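I opened this model to take notes on its fold. I start with the whole chain and then go to single sites.

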Amino acid sequence: MQLKLKITVAAAIAAAAGVSLAQDMIVKIGHVAPVSGAQATYGRDNENGARMAIEDLNAAGVMIAGKKVKLELMAEDDAADPRQGAAVAQKLCDAKVNGVVGHLNSGTTIPASKIYHDCGIPMVTPSATNPNLTKPGYKTTFRLLANDNALGAGLAFYAADALKLKRIAVIDDRSAYGQGVADVFKKIAASKGITIVDEQFTTDKSVDFMSILTAIKAKNPDGVFFGGMDAQAGPMLRQMEQLGLTNVKYFGGDGICTNDLIKQSAGAKTLDNVICAEGAASLVKMPGGTAWKKRYDAKYPGQFQIYSPYVYDAVNVLVDAMKRAGSADPKVYLSKLADTNYKGITTNVQFEPNGELKNPAMTLYTYKADKKVALN
């Protein structure tokens, strides 16, 4: 009789545990960024934003269709390489994640977006800005900041209207991002009467730009536009100083607009000539930017770059759509994601029918006394 009672009690405990586990639904959020290689500082910042969002949501408690949800992050490294990015995208599809935040680079995000579309998983990029991303019309693709049409144009208008520049050389790193933003800048700059005195090309792995810059110096420009990332912009600024190009303005998109550029340029005076653009409001003008940044810095001191606030919002936007749909099934919540009206820390997030952010802001920055300062 005593043995039978023990068995009955054990069975009841096991049954109760089973019910508890069944109620605790697991929702997997994929995140992809380069956390190795030259762009790892960006990637780590992005991943920090994703982890912070997941932790905050789990601490607050998420309910979907009356069931308690535990969010799990599946973080992957694409090393800013399109092939690795495609492989990682397929891995997340095979793992049946409920949604993806990423990728960081346009060059990895564009091919990955087709893979996510084909397997029916929504993706929200917090940082890829090439306009071609949304041109295929995939209903699973969303962007949380302004694209290169806004960034390149804004920089060209500033060069022409505010600085009255007349002669600008253009360099790009041949990546989807770098080439895309440079092409927009060239087109708008030319329409504003600026002469493009030279066009040069490099790669996103290069660190020696002396021959390129020597050729540009001979054309006597009053500005240089670089389409690429800070890992190349930093050495380029140092080499511009070495060649005496210290009075030449230096333009670039969000790829160079980082706090890490200060370190990468290693004290070069040419850092003061930088004007760069980000496709959103500055942190102090974001609805929740200042308070969020204080929490981020306490958790990840010295690691903030650019995109982590957008990553944080992207995770929340996905989960908000799931809650409103009453389901974490991508096929069910996708329509709610398209109808997003979410008050995030970066902006009030709403999407155009093609997945672009509605009414995106743009901020120009410069560097003064080794600090990144907003111009508008």
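I looked at contacts along the chain, counting pairs at least 6 residues apart in sequence. Of these, 70% join residues at least 24 apart. I note here that the model is predicted.

**Whole chain**

I listed the secondary structure next. The chain has 12 helices and 15 strands. I then checked how compact the chain is. Its radius of gyration is 23 Å, and the globule rule gives 21 Å for 376 residues. These two values are close, so the chain is as compact as a globular protein of that length. Along the principal axes, the C-alpha atoms fill a box of roughly 100 × 40 × 35 Å.

I turned to burial and surface. Of the 376 residues, 54% count as buried. The exposed area of the chain is about 15,700 Å². Carbon and sulfur atoms supply 55% of that area.

**Helices α2 and α10**

I picked one helix pair. Helix α2 covers residues 40–60, and helix α10 covers residues 289–299. At what angle do α2 and α10 pack? I read about 105°, with the axes 11 Å apart. Angles of 65 to 115 degrees count as roughly perpendicular, so α2 is roughly perpendicular to α10.

I wrote down the residues that meet. From α2 they are Asp45, Asn48, Gly49, Met52, Glu55 and Asp56. From α10 they are Trp292, Arg295, Tyr296 and Lys299. By class, this contact has 3 nonpolar, 2 polar and 5 charged residues.

**Gly43**

I stayed in α2, where Gly43 lies. Is Gly43 buried or exposed? Gly43 counts as buried, because its relative accessibility is 0% and the cut-off for buried is under 20%. I left aside neighbours within four places in sequence and listed its contacts. Gly43 touches His31, Ala33, Pro34, Val35 and Leu104. I also checked Gly43 against Thr340. They are 297 residues apart in sequence and 26 Å apart in space, C-alpha to C-alpha.

**Asn316**

My last site was Asn316. Which helix holds Asn316? Asn316 lies in α11, which spans residues 308–325. Its relative accessible area is 9%, so I logged Asn316 as buried. Which residues does Asn316 contact, leaving aside its neighbours within four places in sequence? I found Ala53, Leu57 and Tyr342.

Definitions and conventions:
Residues are numbered from 1 along each chain as its sequence is written. This is a predicted model: local features need pLDDT of at least 70, side-chain atom pairs count only at pLDDT 80 or more; totals for chains, interfaces and linings use all residues. Side-chain values use heavy atoms; hydrogens and water are left out. Axes are lines fitted to C-alpha atoms, for helices over the stretch in contact, and angles run from 0 to 180 degrees between N-to-C directions. Helices (H or I, at least four residues) and strands (E, at least two) are DSSP runs, numbered from the N terminus. Angles under 35 degrees count as roughly parallel, over 145 as roughly antiparallel, 65 to 115 as roughly perpendicular and the rest as oblique. Contact means heavy atoms within 4.5 Å. Ala, Val, Leu, Ile, Met, Phe, Trp, Tyr, Cys and Pro count as nonpolar, Asp, Glu, Lys and Arg as charged, and the others, Gly among them, as polar. Buried means under 20% relative accessible area, exposed over 50%, partly exposed in between (1.4 Å probe, protein chains only). The radius of gyration is taken over C-alpha atoms; the globule rule is 2.2 Å times the number of residues to the power 0.38. Accessible areas come from the Shrake-Rupley method with a 1.4 Å probe; for residues, only the protein chains shown count as cover.
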